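Student: Before I use terms such as buried, core or pocket, I want to see what each of them rests on. Please take me through this model term by term.

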Amino acid sequence: MTAKERMIQALTDLLENGETLMHPIYGVLIQGERRYYGYFGFAKDFLLIALISGNVVTYTSRVPLDLKSVKIKKKIFFNEHVIDISFNEGAPGRIIAFPKVFNIDSQKENLSNFISYLKNKAP
């Protein structure tokens with residue numbers, strides 16, 4: 001199974017009946033001092049998270065898109081995108097994602113769509 005197939009499978013497993021996976025990406029979740037590698041995507045009103053260690057999914061979550069704020073910075077170095085998300089309830093998170101990821105050919109397009117979707121959901 002390729003990295004892209006693992007990403008799609010891990011996030012699809014988080015969908016409920018009638019939901020569709022949108023804009024799946026690979027990135028790094030930063031919470032406090034900890035870094036977690038994983039897959040991120042959307043169902044209509046949820047952020048889907050599947051954290052991984054190697055090829056194994058270690059944690060999954062469906063986070064309601066009840067957003068307080070979203071800030072996105074594009075850094076010149078490595079062309080990384082830093083996505084800061086604050087929720088009305090729960091801990092904030094930071095996702096770092098790159099437009100190019102080995103074995104995930106849809107990353108560049110999906111990252112752009114991921115960011116646009118998130119911005120549209122923010123107040």
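The exchange below sets values against the definitions behind them.

Tutor: This is a predicted model, in which local features need pLDDT of at least 70 and side-chain atom pairs count only at pLDDT 80 or more, while totals for chains, interfaces and linings use all residues. Residues are numbered from 1 along each chain as its sequence is written, and side-chain values use heavy atoms, with hydrogens and water left out.

Student: Why is Asn-110 called buried?

Tutor: Buried means under 20% relative accessible area, exposed means over 50%, and partly exposed lies in between, using a 1.4 Å probe and protein chains only. Asn-110 has 12% relative accessibility, so it counts as buried.

Student: Where is Asn-110 placed, and what does it touch?

Tutor: Asn-110 is in helix H2. Helices (H or I, at least four residues) and strands (E, at least two) are DSSP runs, numbered from the N terminus. Leaving out residues up to four places away in sequence, Asn-110 touches His-23, Pro-24 and Ile-25; contact means heavy atoms within 4.5 Å.

Student: What makes S1 largely enclosed by the rest of the structure?

Tutor: Seven of the 10 residues of S1 are buried, so the strand is largely enclosed.

Student: How do you know that S1 and S2 pair?

Tutor: Two strands pair if DSSP finds at least two bridges between them. S1 and S2 have eight, in the antiparallel sense, and one bridge sets Gly-27 against Gly-38 in S2. The two strands form a hairpin with two residues between them, and Gly-32 in the turn has a positive phi of about 65°. S1 also pairs with S7, antiparallel, over three bridges, with Val-28 opposite Ile-96.

Student: How is S6 described, and why?

Tutor: S6 is largely enclosed by the rest of the structure, because six of its seven residues are buried. Seven bridges join S6 to S5 in antiparallel fashion, and Phe-87 in S6 is the bridge partner of Leu-67. With S7, S6 has five antiparallel bridges; there Ile-83 is matched by Ile-95. Both pairs form hairpins: S5 and S6 have six residues between them, with Phe-78 in the turn at a positive phi of about 65°, and S6 and S7 have five, with Gly-90 at about 95°.

Student: What makes a set of residues a nonpolar core?

Tutor: A nonpolar core is a set of buried Ala, Val, Leu, Ile, Met, Phe, Trp, Tyr and Cys residues joined through side-chain atoms within 4.5 Å. The largest one has 22 residues; among those touching the most other members are Phe-40, Ile-85 and Leu-118. H2 gives the largest share, five residues. Apart from neighbours within four places in sequence, Leu-118 is in contact with Phe-42, Leu-65, Leu-67, Val-70, Ile-83 and Ile-85. A second, separate core has 13 residues, including Leu-11 and Val-101.

Student: What is a pocket rather than a cavity?

Tutor: On a 1 Å grid over the protein atoms alone, a cavity is a set of points where a 1.4 Å probe fits but cannot get out, whereas a pocket is an open set with protein on both sides within 12 Å along at least five of seven lines; lining residues have an atom within 4 Å of a point. The largest pocket here has 18 lining residues, with Leu-29, Gln-31, Ile-49, Val-63 and Ala-91 nearest its centre.
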